[in-house]
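Q: Please take a close look at one part of this model, the sheet of chain C, and at how that chain meets its neighbours. Where does the sheet end, and what lies inside it?

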Amino acid sequence: MAKILMKGNEAIAEAALKAGALNYFCYPITPQTEVAEYLARRMPEVGGVFLQGESELAVANMLFGASATGKRVFTTSSSPGISLMQEAISYMAGAQLPVVIVNIMRGGPGLGGILPAQSDYFQATKAGGHGDYRLLVLAPSTIQEAVDLMMLSFHLADKYRNPVMMIGDGMIGQMMEPVEFPDKYVEPEELPEKTWAATGAKGRKPYVIKSLFLDPVLLEKNSWVLHEKYEQMKKNEVRYERYKISEKNEILLVAYGTMARICQTAIDDLEAEGISVGLFRPITLFPFPEKQIQEEAVKKNVKNLLVIEMSTAQMCEDVERAVLGKKPIKFFGRTGGIVPAPEEVIQQIKQLLAKPKSASRKKA
Amino acid sequence: MPGVTIDKNHCKGCELCVRACPQQVLAMSRKIGLKGYFYAELFDSSRCIGCRICAITCPDAAIEVHTHGTTFTLFDY
Amino acid sequence: MAEQNTTIFARPEAMTETITHYCPGCTHGIIHRLVAEAIDTLGVRERTVGVAPVGCSVLAYNYFFTDFLEAPHGRAPALATGFKRLRPDMIVFTYQGDGDLASIGMAEIIHAANRGEKFTAIFVNNAIYGMTGGQMAPTTMPGQITTTCPSGRNVAQVGYPIKMVELLSGLVTPMYLERVSVHDPQHIVMAKRAIRKAFQYQIDNQCFSLIEVLSTCPTNWGKTPTEATDWLTEHLLPYYPLGCTKDFGTKEDNSGSV
């Protein structure tokens with residue numbers, strides 16, 4: 001299929017349709033409202049369901065009901081809206097319902113700002129709601145990758161019967177790039193039947209889709225069932241990218257999403273100057289590529305890791321967990337909606353190369 | 001002749017049926033059911049008219065009403 | 001010719017035989033049975049899904065032979081919306097208490113009603129929070145004593161009880177709204193008719209319906225079941241008038257009381 005120039009938000013919307021997810025509930029919030037506007041027009045064209053709810057809180061609960069039918073359902077929102085959805089996400093995880101939620105991150109906390117940020121890492125990966133559950137979290141760094149990961153999200157949500165979150169940021173949502181879609185749409189009827197769905201108690205005992213287990217023995221069992229799923233995710237679903245990592249690197253950058261893309265430009269510019277830096281880019285934030293980061297960190301040539309995020313250090317903690325103190329880790333972050341230019345990254349790298357022991361985990 | 005069967009294990013002794021019965025033929029037993037409640041009993045089956053009011057008011061669906069022969073249906077239910 | 005015994009009243013098929021966890025005299029049992037009877041009469045058990053609330057009836061799914069979803073507190077109308085939009089061929093009902101519907105879930109019920117989501121909402125109003133041990137509800141009467149207003153509801157501080165049926169009647173979207181009671185057999189018969197009518201409207205794909213059912217809570221009102229029905233008659237009926245405020249089926253928006 002030919003490439004089309006599309007806005008990130010709209011490409012993500014179209015990707016969901018391609019994956020046979022024809023049921024979308026939403027609430028407007030900057031910077032992802034274009035997804036809703038695009039689908040308000042497109043959903044009727046593909047015979048799907050579009051509904052703007054009264055709040056993100058209501059929308060997340062509509063997703064619970066909609067997912068219980070067994071069909072593919074999704075929503076998109078941004079940081080404050082995702083906060084509102086946490087209760088329902090916890091319930092959906094406990095009830096083992098598949099759903100895809102997209103967070104187009106903006107500056108926070110609170111009302112924050114409307115420009116891009118990466119300050120929802122904790123919310124996404126450490127489970128923003130209550131209880132023993134995790135979300136499978138995917139972080140694209142280009143619009144094409146957002147399209148590909150969006151389609152993958154539905155497959156993973158069905159596979160694990162767990163909510164899956166794809167986190168982008170305002171940059172990915174708002175910019176325009178050429179994207180390519182698969183030729184064929186997934187038809188909902190082609191998807192395997194969900195044997196647990198509430199389709200009416202005809203000729204079978206009733207199904208109850210719930211997360212309540214008053215008997216502690218049963219509740220514990222449910223939590224371990226969920227835990228086992230996350231262990232399987234850790235075994236099978238870790239995704240990452242190595243960019244220009246070589247034995248000539250003294251510094252290993254760790255970044256994800258738009259920040260990783262900026263780092264790639266910085267790395268390319270430095271390469272032209274003869275300085276060699278590598279980037280490790282996690283694509284799944286849960287399960288986090290701990291093993292792979294540790295493998296890279298312990299290599300003899302690596303003197304420092306430099307974690308760069310559009311936050312005040314969130315993924316940095318997971319990197320520290322992976323590296324286990326074997327190498328020093330430095331952090332550079334901009335937040336509040338400020339997207340650093342590659343020049344800033346280059347400056348940080350050069351500073352680190354000059355005085356590796358001095359920098360601490362502070363905003364430079 | 002109409003009559004009622006009261007499931008003594010479902011009955012929770014709330015006594016709503018005793019008051020509701022227009023013939024006043026229900027009373028509480030001095031024996032207890034499975035959950036430890038005193039249950040309701042029909043003590044004069046000859047005066048039961050099969051109106052179903054006791055069953056309608058029972059919160060536990062513990063009462064079944066049956067009849068044989070002619071019965072008058074006093075209201076639509 | 002031997003005469004057979006005919007059963008003229010029995011537990012409906014859509015209701016399980018499980019002994020309920022409800023208190024003796026709790027009208028939840030009656031309302032459950034009325035819903036099950038409506039499902040049986042209309043023959044829709046195999047395509048019905050219920051949405052259970054948080055409250056005393058959180059375990060409602062144990063008492064019906066239908067599929068069920070368990071909603072977070074107050075969110076049942078949102079779950080019902082999501083489900084019904086994707087499966088309009090199925091019959092969806094929500095079953096909520098006064099905390100679930102009129103407090104935390106106020107936004108969800110108003111918007112679901114306003115959008116005209118075609119499910120049936122059963123609203124159990126017993127003027128108190130039952131499951132959590134008898135706290136004040138938005139529907140608690142002035143002067144009524146509860147654990148969070150031990151001197152009685154003070155309207156100067158917390159306002160007056162909310163009349164949900166009247167509140168929703170202010171919406172323009174056509175819907176069916178009726179308030180009934182289950183405190184005595186005569187009213188139970190009338191309640192059954194309203195509940196059945198609400199389900200029929202859904203089968204005919206007509207509109208949103210909400211049936212508010214005045215109910216007793218003997219345990220938290222501190223009364224015996226029979227005393228509780230008297231208290232309902234004396235205190236709730238005057239404030240919460242029975243009747244239909246909006247009936248989709250008639251030409252006028254308001255029809256007379258039952």
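A: The answer below starts with chain C as a whole, then follows the sheet, then turns to the two contacts.

The model is a predicted one. Chain C contains nine helices and eight strands. Its C-alpha atoms occupy a box of roughly 65 × 50 × 35 Å along the principal axes. The radius of gyration of chain C is 18 Å, which agrees with the value near 18 Å that a compact globule of 258 residues would have. Of the 258 residues in chain C, 58% are buried. Among contacts in chain C with a separation of 6 or more, 66% are between residues 24 or more positions apart.

The sheet is open and has eight strands, in the order β9(A)-β3(C)-β2(C)-β4(C)-β5(C)-β7(C)-β6(C)-β8(C), with mixed pairing. One of these strands, β9(A), comes from chain A. The edges are β9 of chain A and β8 (243-246) of chain C; each has a single partner strand, so one side of each is left without a neighbour in the sheet.

From the chain A edge, the pairings can be followed inward. β9(A) runs parallel to β3(C), residues 67-70, and two bridges join them. Here A:I209 has C:L69 as its bridge partner. Next, β3(C) pairs with β2(C), residues 48-52, over four bridges in the parallel sense, and C:A52 has C:E70 as its bridge partner. On the way to β4(C), β2(C) again runs parallel, with four bridges; in this pair C:V51 is opposite C:T94. β4(C) is joined to β5(C), residues 120-125, by five bridges, also parallel, and C:Q96 is opposite C:F123.

β4(C), residues 91-97, deserves a separate look. Seven of its seven residues are buried, so this strand is largely enclosed by the rest of the structure. In a regular strand the side chains alternate between the two faces of the sheet. For β4(C), one side holds C:I91, C:F93, C:Y95 and C:G97, and the other holds C:V92, C:T94 and C:Q96; both faces are covered, with all of these residues buried. The two residues named above as standing opposite partners in β2(C) and β5(C), C:T94 and C:Q96, are on the face that also holds C:V92.

The sheet edge at β9(A) belongs to a wider contact. Two pairs of chains touch, and the pair with the most contacts is A and C. This contact takes 31 residues from chain A and 29 from chain C. On the chain A side, the elements giving two or more residues are β2 (23-26), β3 (49-52), α3 (56-67), α4 (79-94) and β9 (208-209). α3(A) gives the most, with seven residues. By class, the chain A side has 18 nonpolar, eight polar and five charged residues.

Chain C also touches chain B, with 25 residues of chain C in contact with 29 residues of chain B. β1 (6-9), α1 (28-42), α7 (185-203) and α9 (225-239) of chain C each supply at least two residues to this side. The largest share, four residues, comes from β1(C). The chain C side has 13 nonpolar, nine polar and three charged residues. Strands pair across this contact as well: β4(B), residues 63-67, and β1(C) run antiparallel and are joined by three bridges, with B:T67 opposite C:T6. Chains A and B do not touch, and their nearest C-alpha atoms are 20 Å apart.

Conventions. Residues numbered from 1 in each chain as written. Chains lettered and ligands numbered in written order. Predicted model: local features only at pLDDT ≥ 70, side-chain atom pairs only at ≥ 80, totals over all residues. Contact = placed C-beta atoms within 7 Å. Nonpolar A, V, L, I, M, F, W, Y, C, P; charged D, E, K, R; others polar. Pairing = 2+ DSSP bridges. Rg over C-alpha atoms; globule rule 2.2 N^0.38 Å. Buried ≥ 20, exposed ≤ 12 C-beta atoms within 10 Å, placed from the backbone.
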